[in-house]
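The exercises below are meant to be worked through with the sequence and the coordinates at hand. Each one opens with a task and is followed by a solution that goes step by step.

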Number of protein chains: 2
Amino acid sequence: MHDVARIAGVSAKTVSRVVNDEPRVDPLTRSRVQDAIATLGFRRNEQARSLRPGQSSALLGLVTGDVGNPFYSAIARGVEQEAQRRGHLLLTASSEEQPGRERQLIETLLQHNIEGLLIVPTLGGHEYLTPEMLGGVPVVAVDRPLQARAAFDTVLLDNRYGAYLAVRQLLQDGHSRVAVIDGESAVHTGSERTGGYRQALEEAGVVPDSRLLKVGYHGEEQSGSALRDLSELSEPPTAVFATNNRIAVGILREMNRSGHWLPLAVFDDFELADMLPVPVTVVGYDAVEMGRQAAELLFERLSGLQDTPRTHTIPVHLMRRFRAT
Amino acid sequence: MHDVARIAGVSAKTVSRVVNDEPRVDPLTRSRVQDAIATLGFRRNEQARSLRPGQSSALLGLVTGDVGNPFYSAIARGVEQEAQRRGHLLLTASSEEQPGRERQLIETLLQHNIEGLLIVPTLGGHEYLTPEMLGGVPVVAVDRPLQARAAFDTVLLDNRYGAYLAVRQLLQDGHSRVAVIDGESAVHTGSERTGGYRQALEEAGVVPDSRLLKVGYHGEEQSGSALRDLSELSEPPTAVFATNNRIAVGILREMNRSGHWLPLAVFDDFELADMLPVPVTVVGYDAVEMGRQAAELLFERLSGLQDTPRTHTIPVHLMRRFRAT
DNA sequence: ATGAAAGCGCTAACAG
DNA sequence: CTGTTAGCGCTTTCAT
């Protein structure tokens, strides 16, 4: 910038004014400065700029369990779109679902002077997210609520309702023995979804059978074995509800192995669901939109328009997937 | 930092020394400073630190077509892992495959003082990536080569060989009329893969039939219609090779619609491929590893260990996917 | 309309 | 072992 000033025969401040499109600059001076900028290939240093108090860093931080996971990366995409729109850049980091790592990442992101932080929280508590620790940096929780002293802006899927819809559909299809297979019990989305399952049963006047409720089956292997257990009951289920994608895949693998296909409902839509040997009922949603709304909440808070913590719910919808032929 | 210095009764420089784990500090002073840091919840400002010449920003930039795309996000994951390992943070940005946007993003990333840049390039030329423009920031091309004046470090899949393997397999399965459906012809990966197709035919002594070579079918709809065209030939193909995931899905949809299933080979593995009504041959690879190696190349260059541009090739492997029952 | 000086938070270079 | 000075690149007073 100093060089530009020299070449243009003005002071650094004037260059700054031009770069920032400030009004009170002589048109001639302005173009002279712009020429100098062009010839020198000058690029303003954002780090230096945001060092000044009152200047934003134009940086957002996003912590998910794993950017490589399509669900999280869809969220990242939504956040990025909104960030991009407002001239912000996104720092992404993966906690690998480890609370310690997550905390470390948040710390690092704050060191980099991020203006706002979005978190898809791990299972651990987040009491450490105090105002002092955050130093005024707003936080938005995505997909799961944040367990902390203060309340934060939050964006969630309509988990309970989606599960309710899916299970209700199975019941309406004539199934009275509907099993549910869920992942780790402490995960918010899981318990909400099993809650929706219960709600649908209750509404239909079906007495829940605890043997049909399989919770804590993490990963594909385990959900497969859960299905095997279910099939060995004296009164096996006639349909299954999987609370997420991964579990559904495990179930499908097991069905494929055993050759015994059961109607299935899944919380999560997935590619090629309509090409399976069995009709599938899926709960779809827009994860990109979830990320976008999270970023929106963040920006509204940054702009000071908003002060009370809000929770947005992303709608879900039911779809049937089955072979055309 | 100034506050910490005051509380600890030392100078700012001493605090800096403690924060940076520099050796020549009295243990007592050190602990006094550390106490002060703890009580004040002090956090070093990375932006200010990296403002000093010779100090790294600990920031890497990554531009892909769309972080929301699982292929790209797997790359991002690999890059992030390597970055994390070396205490670096990752700035991610999506070009939406638009050259103009890509260029803009690169510009913005450079303004933020990134230490290195990874790009999955769009179709446009990249002659603008000159040393002056980059100002010493090293660049690594991922998945596709970078079309520019200078040569850059590059990490690619073994596209040609993977396609060769897939098509050879179909030929060995007894098919002599193997069709190929490819996306946009200008895409590096596509032309490499159709190249592998040709190579396999040639090796097997099969005379290529240009009617079986369908190039430029972008998206699921188009690849479906390409398959329809193929099936209307007087001598229709008995097997199909899809050069990527998206095209394969379009083909599968069309097969599902018509009820006419053809043996299929795909460059890309995909979930539930083994549950389709038709056996599928897939070319698998590790996209995370590709990202990781790209980041590795970048760090090696940053460390000055490396100066001549290198190209890494990520291995691919063939797999058969079919129903158990 | 423009410039001079001061300082954001940090760290090298040089004292002491 | 510790402190002082200076300056990274920028922008905010406050003059002119």
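## Exercise 1: How the two chains are related

In this predicted model, chain A is superposed on chain B, with an RMSD of 0.1 Å, by a rotation of 180° accompanied by 0.1 Å of shift along the axis. Work out which kind of axis relates the copies, and find which C-alpha of chain A lies nearest to that axis.

*Solution.* Start from the operation itself, a rotation of 180° with a shift of 0.1 Å along its axis; the two copies are therefore related as by a two-fold rotation axis. Next, look along chain A for the C-alpha nearest the axis, which belongs to A:Leu91 and lies 2.3 Å from it.

## Exercise 2: The contact between the chains

Determine how many residues each chain brings to the contact, which elements of chain A take part, and why the copies can be said to meet through the same surface.

*Solution.* Begin with the count, which is 45 residues from chain A and 45 residues from chain B. On the side of chain A that touches chain B, at least two residues each come from helix 4 (46-51), helix 5 (70-85), strand 2 (89-94), helix 6 (99-111), helix 7 (131-134) and helix 11 (245-258). Sorted by class, that side of chain A holds 19 nonpolar, 16 polar and 10 charged residues. Then compare the two sides: 100% of the interface residues of chain A are interface residues in chain B as well, so the copies meet through the same surface. Finally, turn to the strands, where strand 2 of chain A pairs with strand 2 of chain B in the antiparallel sense over 3 bridges, and where A:Leu90 stands opposite B:Thr92.

## Exercise 3: Checking helix 5 of chain A

Decide whether the length of helix 5 of chain A agrees or disagrees with the span expected at 1.5 Å a residue, and whether the helix is largely enclosed or not.

*Solution.* The 16 residues of helix 5 of chain A should span 22 Å, and because the C-alpha atoms at its ends are 22 Å apart, the two values agree. For the surroundings, note that 13 of the 16 residues are buried, so helix 5 of chain A is largely enclosed by the rest of the structure. Just after this helix, A:Gly87 adopts a positive phi of about 70°.

## Exercise 4: The surfaces near the DNA strands

For DNA strand D and then for DNA strand C, identify the closest residues and the helix that gives the most to the surface.

*Solution.* Around DNA strand D there are 25 residues, the closest being A:Met1, A:Ser16, A:Asn45, B:Asp26 and B:Thr29. Two or more residues of this surface come from each of helix 2 (12-19) and helix 4 of chain A and helix 2 (12-19) of chain B, and helix 2 of chain A gives the most, with 4 residues. DNA strand C has 25 residues around it, of which A:Arg24, A:Asp26, A:Thr29, B:Met1 and B:Ser16 come nearest. Here the largest share, 4 residues, is that of helix 2 of chain B. By class, the surface near DNA strand D divides into 9 nonpolar, 8 polar and 8 charged residues, and the surface near DNA strand C into 9 nonpolar, 8 polar and 8 charged.

## Exercise 5: The setting of B:Arg177

Locate B:Arg177 in chain B and describe its surroundings.

*Solution.* B:Arg177 sits in the loop between helix 8 (159-172) and strand 6 (178-181) of chain B. Because it has 17 C-beta neighbours inside 10 Å, B:Arg177 counts as partly exposed. Beyond four places in sequence, its contacts are B:Leu212, B:Glu235, B:Pro237 and B:Thr238; B:Pro237 is 60 residues away in sequence, yet the C-alpha atoms of B:Arg177 and B:Pro237 are 4.7 Å apart.

Definitions and conventions:
Residues are numbered from 1 along each chain as its sequence is written. Chains are lettered from A and ligands numbered from 1 in the order in which they are written. This is a predicted model: local features need pLDDT of at least 70, side-chain atom pairs count only at pLDDT 80 or more; totals for chains, interfaces and linings use all residues. A residue is buried if 20 or more other C-beta atoms lie within 10 Å of its own, exposed if 12 or fewer, and partly exposed in between; C-beta atoms are placed from the backbone. Two residues are in contact if their C-beta atoms, placed from the backbone, lie within 7 Å. Copies are superposed by least squares on the C-alpha atoms of residues with pLDDT of at least 70 in both. Ala, Val, Leu, Ile, Met, Phe, Trp, Tyr, Cys and Pro count as nonpolar, Asp, Glu, Lys and Arg as charged, and the others, Gly among them, as polar. Two strands pair if DSSP finds at least two bridges between them. A residue is near a molecule or strand if its C-beta atom, placed from the backbone, lies within 6 Å of it. The expected span of a helix is 1.5 Å times one less than its number of residues.
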